[in-house]
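Student: Could you take a close look with me at one part of this model, the interface between two chains, and then link it to what lies around that part? Please explain each term when you first use it, since I am new to this.

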Amino acid sequence: MKPGLIIRLVVLALLVAFIVTPESFAWVFQPLTKNGQPAIYVQNSLLNLTVSHLTIVAIATIASTLLAVGLAILVTRPFGAEFLPLSRSLANIGQTFPPVAVLALAVPVLGFGTAPTLVALFLYGLLPIFENALTGLTTLPPAVTEAARGVGMTDRQRLLGVELPLATPVILAGIRLSVVISVATATIGSTVAASTLGEVIIAGLLSNNLAFIAQGGLVVGVMAVLIYDALSALERALMARTGQRRQHA
Amino acid sequence: MTDAAIAAPTRSFAVDKLGVLIAALAAIAAFLPFAAFRANRIVLGEAKGLFAALPGWEAAALAIVLAAGIGIALFRTPTLWRLATSLVVLALLFVAIGHAGTFLTPPGDKIARVSPGAGFWLLIFAFALLAADAIARLKLKPWTRIGVLAAVALFFAVLLGSGTLNDLSILREYANRGDTFWREAQTHLALALGSLAAATVAGIPIGILCHRSDAWRAPVLNVLNAIQTIPSIALFGLLIAPLAWVAANIPGASAVGISGIGAAPAMVALFAYSLLPVVANTVVGLDGVPPAANDAAKGMGMTDWQRLVTVEFPLAFPVILTGIRIVLVQNIGLATIAALIGGGGFGVFVFQGVGQTAMDLVLLGAVPTVALAFAAAVVLDAIVEMVSPKDTRRD
Amino acid sequence: MIEIEALTKDYLELTVVDHVGLTVADGEIAVIVGTSGSGKTTLLRMINRLIEPTSGTVKIDGQDTRDVPAFELRRRIGYAIQGHGLFPHRTVGQNIATVPTLLGWDKGKIAARVDELLELFQLPAAEFRDRMPSELSGGQQQRVGVARALAAEPKLLLMDEPFGALDPIIRAKAQSDLLAIQKRFGTTIVLVTHDMEEAIHLGSRIAVMDKGKLLQYAPPDEIIARPATPFVAELIGTGERPFRLLSLGKVRDLVESGPAQGEPISADASLRDAYAECLWTGREMLPVVDADGASIGRIRRDDIAHKAERPQ
């Protein structure tokens with residue numbers, strides 16, 4: 001095994017251990033507390049919060065992926081070609097909306113709790129995936145798409161057999177960006193009472209307890225890094241399999 | 001060239017697909033409230049359709065204008081017409097919603113609230129789509145785009161200055177806290193621009209270092225990447241302690257405004273988030289300098305420094321500027337989080353609003369934030385295009 | 001047989017292919033030559049309807065190509081392009097199997113066909129079948145591209161600058177491989193190139209195009225001897241004419257009995273090579289051997305030179 005992989009597995013093991021039995025790590029966070037504050041957040045189980053956090057991110061990401069890839073396919077077909085310039089500029093404009101604003105604006109429509117967070121993450125996650133899917137589907141090697149037409153593939157066979165498989169690594173890079181943003185942004189959801197790890201951080205901000213802020217931030221940050229690494233590895237494997245070079249960060 | 005590259009037929013009465021979408025959105029909007037009336041700030045709203053929200057003749061006039069706008073959108077009409085139509089309809093919608101505020105508010109009533117309804121927002125969205133499509137198709141020059149943005153800003157300045165919108169709930173909130181609003185606006189801008197300036201000054205040299213030294217590149221970029229994964233509210237919070245320590249222990253620190261809570265940790269956090277895009281784009285930009293240009297420069301006997309200043313940096317500049325664009329837009333959004341640790345900015349209204357379930361207050365914070373971020377994106381995109389070599393195609 | 005009649009393609013105001021008519025008989029190699037922008041690729045791509053003609057007809061074995069759905073038409077016609085266009089995410093074997101799979105051949109038959117073609121192109125099946133295209137050299141990729149085009153045993157093969165990306169030595173090899181395979185399967189080939197040398201080497205008939213118009217469609221010797229327009233003559237290169245003519249003939253055609261001195265030349269070599277050999281070694285005549293190395297006579301320099309004169 002490579003040292004990098006060992007380090008990641010150790011970090012993952014530590015993360016899981018901390019989430020399952022946070023009390024046994026109290027000594028790590030004790031120095032951050034003052035005036036006898038608790039070192040570990042116990043109002044809610046860290047495990048439940050983590051599961052809920054990841055569930056929200058997963059649902060939002062799956063939904064954004066389906067819609068974003070679907071739209072990218074639509075605007076790159078002859079039928080939807082008219083929408084291509086518009087969709088590009090919408091993706092560009094959409095990215096200027098701050099997540100907090102999206103979240104806050106979703107509240108009047110959806111009320112407090114998980115729903116506005118899901119919607120905010122879903123909308124915010126659409127953009128990187130859409131942009132990458134568009135890049136992936138519009139920058140295929142011309143000789144390959146030409147050959148696919150030339151051998152007599154139908155539109156559908158070309159899409160499923162050639163275009164999507166070749167665009168997958170680039171789309172995956174978009175999903176990776178989207179997930180990493182969502183994992184961090186989901187914490188803000190706790191300001192509108194969603195059940196995420198942000199709850200721990202906000203409890204820390206309200207009671208001025210650094211230990212809480214640190215443990216919430218640490219769990220979220222480490223999760224984001226691990227997910228980022230895992231998806232990058234998957235991308236590299238796919239790229240190597242298709243003999244392509246990496247084109248997108 | 002494939003057949004798809006050939007322009008679509010331009011028969012005069014062909015239906016435009018985007019027009020169909022816009023017509024569908026407008027049709028849905030017809031069944032949604034144009035405005036909502038509430039007896040006070042907190043109670044549930046009472047939906048008002050277009051004809052209930054405006055005096056009869058005015059509602060009828062607006063309906064006719066909307067129908068005409070949809071007609072122009074629905075058929076294949078010249079792009080410039082479509083742009084003009086969308087802008088006129090959008091402007092009239094804003095004037096109309098202001099009038100709806102005045103019309104629905106009982107005279108002298110200071111606590112009644114009128115806010116735009118879902119139907120209004122959907123109409124705005126539909127015609128904004130038309131405008132965005134027309135602008136994308138016209139492929140406007142950078143200066144023209146900035147000009148359009150300035151015209152839109154001027155329109156809103158006049159509209160707000162004339163008091164047309166004063167009876168809308170969001171401006172009621174503004175009226176209650178006009179002083180605070182401008183103070184928080186200043187803080188917001190100071191946070192976003194200050195951290196950007198610091199990140200640019202620090203990030204470009206770090207980027208040059210990473211470009212020239214492989215030993216530095218991986219560790220620096222990895223650390224900056226890791227910072228990005230820390231949730232913003234946690235990073236803001238974690239900086240409270242070290243800055244409080246600095247304020248308490250370093251002479252003069254608190255005198256220059258450093259303290260544990262407030263703007264200082266927010267500024268440091270925004271700076272930390274800003275470094276990655278600046279550094280990474282500097283590295284990418286410098287990496288992208290054609291080896292032939294560098295070789296030629298070396299061949300002519302330029303020193304490292306001369307090569308950097310006269311060849312590498314000018315060629316990498318558009319990419320670096322793109323990094324700065326990303327940072328500015330991102331910081332304008334992230335600065336809202338500063339309010340959670342007492343750092344001020346538009347986030348103050350957003351989080352107060354969320355806390356009081358007063359959506360008008362949320363809008364008072366969110367709308368200027370989105371508008372600022374959007375304007376920053378338009379202006380910087382235009383500048384990036386102006387400094388980019390002409391042959392890099394933009395589509 | 002392919003019959004093209006009054007085939008035209010307009011892009012808005014611009015006529016890219018202008019009333020082109022030509023017929024390619026079964027088993028022929030028709031080479032379309034022209035400069036870039038001459039419309040030669042557009043003409044080729046209208047045969048398998050990658051581009052839909054504005055007007056005119058293409059008939060293959062008497063059937064109008066518009067009477068079949070485009071994708072079905074394309075599955076019956078082999079298509080090979082410059083830069084090979086291999087699917088980078090599929091193995092060499094899967095790439096070659098593309099059209100047979102689309103046509104629903106059974107697995108055993110497909111596997112046998114893939115292996116047969118790989119061996120035919122001197123790529124040992126066991127070694128190459130499961131490789132990815134990115135693991136092959138340029139010449140190997142190109143061979144796989146042609147193998148893929150031939151997989152479903154098409155009677156007609158369209159090739160768009162198939163050897164354009166290869167270096168000269170590999171290109172010469174690929175050209176002679178193509179000729180051998182064409183002879184073996186009797187495939188009708190329409191090939192587009194900008195290289196007159198390649199056209200003369202491969203074509204049984206050459207179509208010269210310029211600005212969308214077909215200027216001349218004739219066997220190579222006639223194109224060389226009697227160019228229809230100054231443009232055709234220029235494309236051949238006036239200084240090159242005698243040598244191009246010689247390259248069409250084989251040593252075998254001019255062998256006479258008798259002895260000669262020095263290094264022998266193969267009966268299958270072109271007259272051009274034989275003439276070059278005479279000049280270079282300063283000999284009046286060369287001994288000629290057949291493929292087995294057995295002497296079959298000699299060839300005289302003057303006879304070759306006589307062959308290079310403008311035919312009457």
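**The interface of chain B and chain A**

Tutor: Chain A has 10 helices and zero strands, where helices (H or I, at least four residues) and strands (E, at least two) are DSSP runs, numbered from the N terminus. This is a predicted model, in which local features need pLDDT of at least 70 and side-chain atom pairs count only at pLDDT 80 or more, while totals for chains, interfaces and linings use all residues. Residues are numbered from 1 along each chain as its sequence is written, chains are lettered from A and ligands numbered from 1 in the order in which they are written, and side-chain values use heavy atoms, with hydrogens and water left out. Read from the N terminus on, the elements of chain A run α-α-α-α-α-α-α-α-α-α, and its C-alpha atoms fill a box of roughly 75 × 50 × 25 Å, taken along the principal axes.

Where chain A meets chain B, 42 residues from chain B and 41 residues from chain A take part in the contact, and contact here means heavy atoms within 4.5 Å. About 3400 Å² is buried between the two chains, with carbon and sulfur atoms giving 77% of that area; buried area is the accessible area (1.4 Å probe) that two parts lose on being put together, summed over both. On the side of chain B, the residues that lose the most area to chain A are Lys17(B), Thr229(B) and Ile233(B), which together make up 18% of what that side buries.

Between chain B and chain A the count is one salt bridge, meaning a side-chain nitrogen of Lys or Arg within 4 Å of a carboxyl oxygen of Asp or Glu. A salt bridge joins the side chains of Glu82(A) and Arg76(B), at 3.1 Å from N to O. Across this interface, four residue pairs are in polar contact, both residues being at pLDDT 80 or more; a polar contact is a pair of N or O atoms within 3.5 Å, and within protein one must be able to donate a hydrogen and the other to accept it, while residues adjacent in sequence count only if both atoms are side-chain atoms.

Several elements of chain B give two or more residues to the side that touches chain A, among them α1 (17–30), α9 (214–229), α10 (232–238) and α16 (359–387). The largest share of that side, 10 residues, comes from α16(B). By kind, the residues of that side of chain B divide into 26 nonpolar, eight polar and eight charged, with Ala, Val, Leu, Ile, Met, Phe, Trp, Tyr, Cys and Pro counted as nonpolar, Asp, Glu, Lys and Arg as charged, and the others, Gly among them, as polar.

Within chain B there is another interface to set beside this one, for the chain is divided into domain 1 (2–139) and domain 2 (178–392), bounds that come from an automatic or database domain assignment. The C-alpha centres of these two domains of chain B lie 36 Å apart, and five residues of domain 1 are in contact with four residues of domain 2. These domains of chain B bury about 410 Å² between them, 41% of it on carbon and sulfur atoms. Two salt bridges are found across the interface of the two domains of chain B, and the side of domain 1 that touches domain 2 divides into one nonpolar, one polar and three charged residues.

Returning to chain A, the side chains of Asp155(A) and Arg158(A) also meet in a salt bridge, at 3.4 Å from N to O. Because Asp155(A) and Arg158(A) are three residues apart in helix α8 (residues 155–185) of chain A, they are separated by about one helical turn. Over all chains, the count comes to 43 salt bridges.
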